[in-house]
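Q: Could you take a close look at one part of this structure for me? I would like to see how a single sheet is put together and what packs against it.

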Amino acid sequence: MLKFGVAVYPGSNCDYDTYTVIRDILEKEVEFIDYRRTDLRGFDCIVLPGGFSFGDYLRPGTLASHTPLTYALKDFAKKGKYIIGICNGFQILTESHLLPGALMPNDHGKFICKHQYLRVENSNTPFTNQCEDGQILKIPIAHHDGNYYVDQDTLKEMEDNDQIILRYCDEFGNITQDANPNGSLKNIAGICNKDKNVFGLMPHPERASESLLGSEDGLYILRSILNSL
Amino acid sequence: MLVKFYIKPRKGVLDPQGRAVAENLRSLGFDQVKDVKVGKYIEVYIEESDKEKAVEKAKEMARKALVNDLIEDYEFEVVD
């Protein structure tokens, strides 16, 4: 039986949303995982949810990246198990070097909370295999620090290795500066590691998993994981 | 000993706070303002009497936690 884990750090605040979507919409087994826990046996996929772990002190994700759970996640990733970091979860993944780059404050200095169009750049991953290349998804974003940055050499490596999974776009799929909500390098919204089993994204798929909430496009991502497991 | 860390956005990396503060200062009539960088100042008090060791510890703290060298530059000084 497939089993998901949802990490809970002090200050995580999308943990219940994520848990509920996995339990009630995906109808899969799911358990909260305390940030002090290190035994991850039995889990197939761990979600690092959105929020403000440790109050975003120092830099978003930094303090969470130095906890027993995050250290254990490094071994979990090495075993080829799946990790998905959403928003603050993405920040934790970059701060713990499970993913390259950094998430800086938005270029306009404001918190943004809105529906956002995204273009799927690589559908050949465990997180996007239910999408098509170039498909446009509508999924909400809600962040202050989503301005993705990485050095040019690493960016080239990531592009060559198809690690850029989602980019911010307009409703027609054009990657333009106007469609970039936060100043992110090359409109990057989501990336994965070289082995493609660790995925980080700023948009919140769990907030777009029921038509009642305005979009079900988040399910493309969550169902892709099911399909991979 | 006291270690004083001065952390600022790395050269060439966008600093929205700095830009906003620069615009604000100009709006107050400070036409001379060319650029502003907004960073962080951190004081770390440590039990260590050997200054060289303190310097080494400070560098390690910066590398492991206090600074993200992809986007930040830093300087530090060790004070008795």
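A: Happy to help; what follows is a walk through the sheet of chain A, its helices and a few backbone angles.

First, some ground rules: this is a predicted model, in which local features need pLDDT of at least 70 and side-chain atom pairs count only at pLDDT 80 or more, while totals for chains, interfaces and linings use all residues. Residues are numbered from 1 along each chain as its sequence is written, and chains are lettered from A and ligands numbered from 1 in the order in which they are written.

Let us begin with the sheet itself. Chain A holds an open sheet of nine strands with mixed pairing, in the order β2-β1-β3-β4-β11-β10-β9-β6-β7. Its edge strands are β2 (29-34) and β7 (136-143) of chain A, each of which pairs on one side only. On average, neighbouring strands in this sheet are turned by 25 degrees against each other, direction ignored. As for the terms, helices (H or I, at least four residues) and strands (E, at least two) are DSSP runs, numbered from the N terminus. Two strands pair if DSSP finds at least two bridges between them. Axes are lines fitted to C-alpha atoms, for helices over the stretch in contact, and angles run from 0 to 180 degrees between N-to-C directions.

Now zoom in on β10(A). Strand β9 (residues 164-168) of chain A pairs with strand β10 (residues 188-192) of chain A in the antiparallel sense, over three bridges. Across this pairing, Arg167(A) stands opposite Ile188(A) in β10(A), and Leu166(A) stands opposite Gly190(A) in β10(A). β10(A) also pairs with β11(A), in the antiparallel sense and over three bridges. There, Gly190(A) stands opposite Leu201(A) in β11(A). Gly190(A) therefore has a facing residue in each of two strands, Leu166(A) in one pairing and Leu201(A) in the other. β10(A) and β11(A) form a hairpin with five residues between them, and Lys196(A) in the turn has a positive phi of about 65 degrees. β10(A) is mostly covered, since five of its five residues are buried; a residue counts as buried if 20 or more other C-beta atoms lie within 10 Å of its own, exposed if 12 or fewer, and partly exposed in between, with C-beta atoms placed from the backbone.

Next come the helices. Helix α2 (residues 68-78) of chain A lies across β1 (3-8), β2, β3 (45-48), β4 (82-86) and β11 (198-201) of chain A, and runs at about 135 degrees to β4(A). Leu69(A), Thr70(A), Leu73(A), Phe76(A) and Ala77(A) are buried in α2(A). Seen down the axis of α2(A), these buried residues fall within an arc of 100 degrees, so they line one face of the helix; the arc is that of the directions from the helix axis to the C-beta atoms. An α-helix has 3.6 residues a turn, so residues three or four places apart point the same way. On the other side of α2(A), Asp75(A) and Lys78(A) are exposed. The buried residues of α2(A) pack against β1, β2, β3, β4, α3 and β11 of chain A, where two residues are in contact if their C-beta atoms, placed from the backbone, lie within 7 Å. After α2(A) comes Gly80(A), whose phi is positive, near 85 degrees.

Helix α3 (residues 88-95) of chain A is mostly covered, with eight of its eight residues buried. Among them are Phe90(A), Ile92(A) and Leu93(A). The buried residues of α3(A) pack against β3, α2, β4, β5 (102-104) and β11 of chain A.

Finally, a few backbone angles deserve a look. Most residues other than glycine have a negative phi, and most peptide bonds are trans. Cys87(A) has a phi near 60 degrees, a positive value in a residue other than glycine, and sits in the loop between β4 and α3 of chain A. Cys87(A) is buried, with 30 other C-beta atoms within 10 Å. Just after α3(A), His97(A) takes a positive phi of about 65 degrees. Asp162(A) has a phi near 55 degrees, again a positive value in a residue other than glycine, and its place is in the loop between α4 (152-160) and β9 of chain A. Asp162(A) is partly exposed, with 14 other C-beta atoms within 10 Å.
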